[in-house]
Number of protein chains: 2
Amino acid sequence: MNYETLLREHHLKVTPQRLGILSLMHTMGHINIEELYAQIKEQFSSISLATLYKNINAMVENKLVTEVKVPNVKSKYEITKEPHIHLLCSACSEFIDLDLDLHPLLDAASSKSHYELHGSCIVLSGLCEKCQKEL
Amino acid sequence: MNYETLLREHHLKVTPQRLGILSLMHTMGHINIEELYAQIKEQFSSISLATLYKNINAMVENKLVTEVKVPNVKSKYEITKEPHIHLLCSACSEFIDLDLDLHPLLDAASSKSHYELHGSCIVLSGLCEKCQKEL
DNA sequence: GTATTTGCAAATGATTTGCAGTGCT
DNA sequence: AGCACTGCAAATCATTTGCAAATAC
């Protein structure tokens, strides 16, 4: 993925810090502010939390990045993609994407409610396969 | 609904403040901390925010109440019920429940991921019927 | 060259904690 | 009676803001 292009397409200037943020977000899949700050300090030891917040906010406003609010844990951030399901394991905190066709659900929701839908935040929680066996 | 019984069933002591909180939550459907504080002050003028937080947290821990994390706005609280969809209008901030059969989705998610699912937080956002017409 | 971004420090906002007094069972 | 709850004040944690120096375009 070319992060420079991605930034420019979303009307954001290219800075080394932003490239670092996107690269981490891409390799981690989902990441919260705390983890992001810890990781990015390894590349930019003097980066400040304020910069991180400003950048994340700018990216979310420009829809380059999506915030996923998750019950019980801190918000995660991911590079924006098509609507999909998130799964959270309440034992080991694994947090993964699940690509299922959401159109049947979205269509049903839309026609029953007469809403014109633009976004979704779907988090299902339970036990992952591994944790089911270990408990 | 009998709030006293509800509290006892969830191993929480009955206090006037808690009855007030549940009553408001039931009549409002969904409510955030700020709204709740403003409303409950009319019944208990000396109630403190700390008490409100402690009670909400206790109720959430005992699963009497569910926190709904919503993108862009403050968390809402509701009396716990079966999994369902929430709809948020991004123009007028209407926030409503939509009762659709979620079993097809949950079953598909479960069998594809091998997760044993326990909870869901589903928020769809868009424009309500009224706001579509006005824009 | 101009506008934006960065990093620091300080300010704000939200939530939690400690504790003395009160109320529930 | 004993333990949990309330309300206050203070502490903590998360996020935002203001500003001078550095950087992007």
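Helices and strands here are DSSP runs, a helix having at least four residues and a strand at least two, and both are numbered from the N terminus. With that settled, I opened the model, which is a predicted one, and began with chain A.

**Entry 1: chain A on its own**

I read chain A along its sequence and noted the pattern α-α-α-α-β-β-β-β-α-β-α, which comes to six helices and five strands. I then looked up the extent of chain A and found that its C-alpha atoms fill a box of roughly 45 × 45 × 25 Å, taken along the principal axes.

**Entry 2: where chain B touches chain A**

I turned next to the contact between the two protein chains, to which chain B gives 38 residues and chain A gives 38 residues. The area buried between chain B and chain A is about 3,200 Å², and carbon and sulfur atoms give 64% of that area. I looked for salt bridges across the interface of chain B and chain A, and the rule finds zero. For polar contacts between chain B and chain A, I noted a count of 18 residue pairs, both residues being at pLDDT 80 or more.

Which elements of chain B give two or more residues to the side that touches chain A? I listed strand S3 (85-89), strand S4 (95-98), helix H5 (103-113), strand S5 (116-127) and helix H6 (129-134) of chain B. S5(B) gives the most to this side, with twelve residues. Sorted by class, the residues of the side of chain B that touches chain A are 23 nonpolar, nine polar and six charged.

I then followed strand S5 (residues 116-127) of chain A, which pairs with S5(B) in the antiparallel sense over eleven bridges. As one example to find in the structure, I wrote down that A:Ser125 has B:Gly119, in S5(B), as its bridge partner.

**Entry 3: around DNA strand C**

I moved on to DNA strand C, which has 19 residues around it, and of these A:Thr15, A:Arg18, A:Lys54, B:Tyr53 and B:Asn57 come nearest. Helix H2 (16-28) and helix H4 (49-61) of chain A, together with helix H4 (49-61) of chain B, each supply at least two residues of the surface near DNA strand C. That surface has six nonpolar, seven polar and six charged residues.

Which parts of DNA strand C come within 4 Å of the protein? I found that 79% of those atoms belong to sugar or phosphate, and the rest belong to bases. I checked single atom pairs as well: a polar side-chain atom of A:Thr15 lies 2.6 Å from a phosphate oxygen of DNA strand C, and a polar backbone atom of B:Val14 is 3.2 Å from a phosphate oxygen of the strand. For a base, I noted that an N or O atom in the side chain of B:Lys54 is 3.1 Å from a base oxygen of DNA strand C.

**Entry 4: around DNA strand D**

Finally I looked at DNA strand D, which 20 residues surround, the closest being A:Tyr53, A:Asn57, B:Thr15, B:Arg18 and B:Lys54. Of the atoms of DNA strand D that come within 4 Å of the protein, sugar and phosphate account for 80%.

I recorded three distances to phosphate oxygens of this strand: 3.0 Å from an N or O atom in the side chain of A:Asn57, 3.0 Å from a polar side-chain atom of A:Lys74, and 3.1 Å from an N or O atom in the side chain of B:Asn55. The elements that give two or more residues to the surface near DNA strand D are H4 of chain A together with helix H2 (16-28) and H4 of chain B. I closed the entry with the classes of that surface, which are six nonpolar, seven polar and seven charged residues.

Key
Residues numbered from 1 in each chain as written. Chains lettered and ligands numbered in written order. Predicted model: local features only at pLDDT ≥ 70, side-chain atom pairs only at ≥ 80, totals over all residues. Heavy atoms only, no water. Contact = heavy atoms within 4.5 Å. Buried area = accessible area lost by both parts, 1.4 Å probe. Salt bridge = Lys/Arg side-chain N within 4 Å of Asp/Glu carboxyl O. Polar contact = N/O pair within 3.5 Å; in protein donor to acceptor, adjacent residues only side chain to side chain. Nonpolar A, V, L, I, M, F, W, Y, C, P; charged D, E, K, R; others polar. Pairing = 2+ DSSP bridges. Near = heavy atom within 4 Å.
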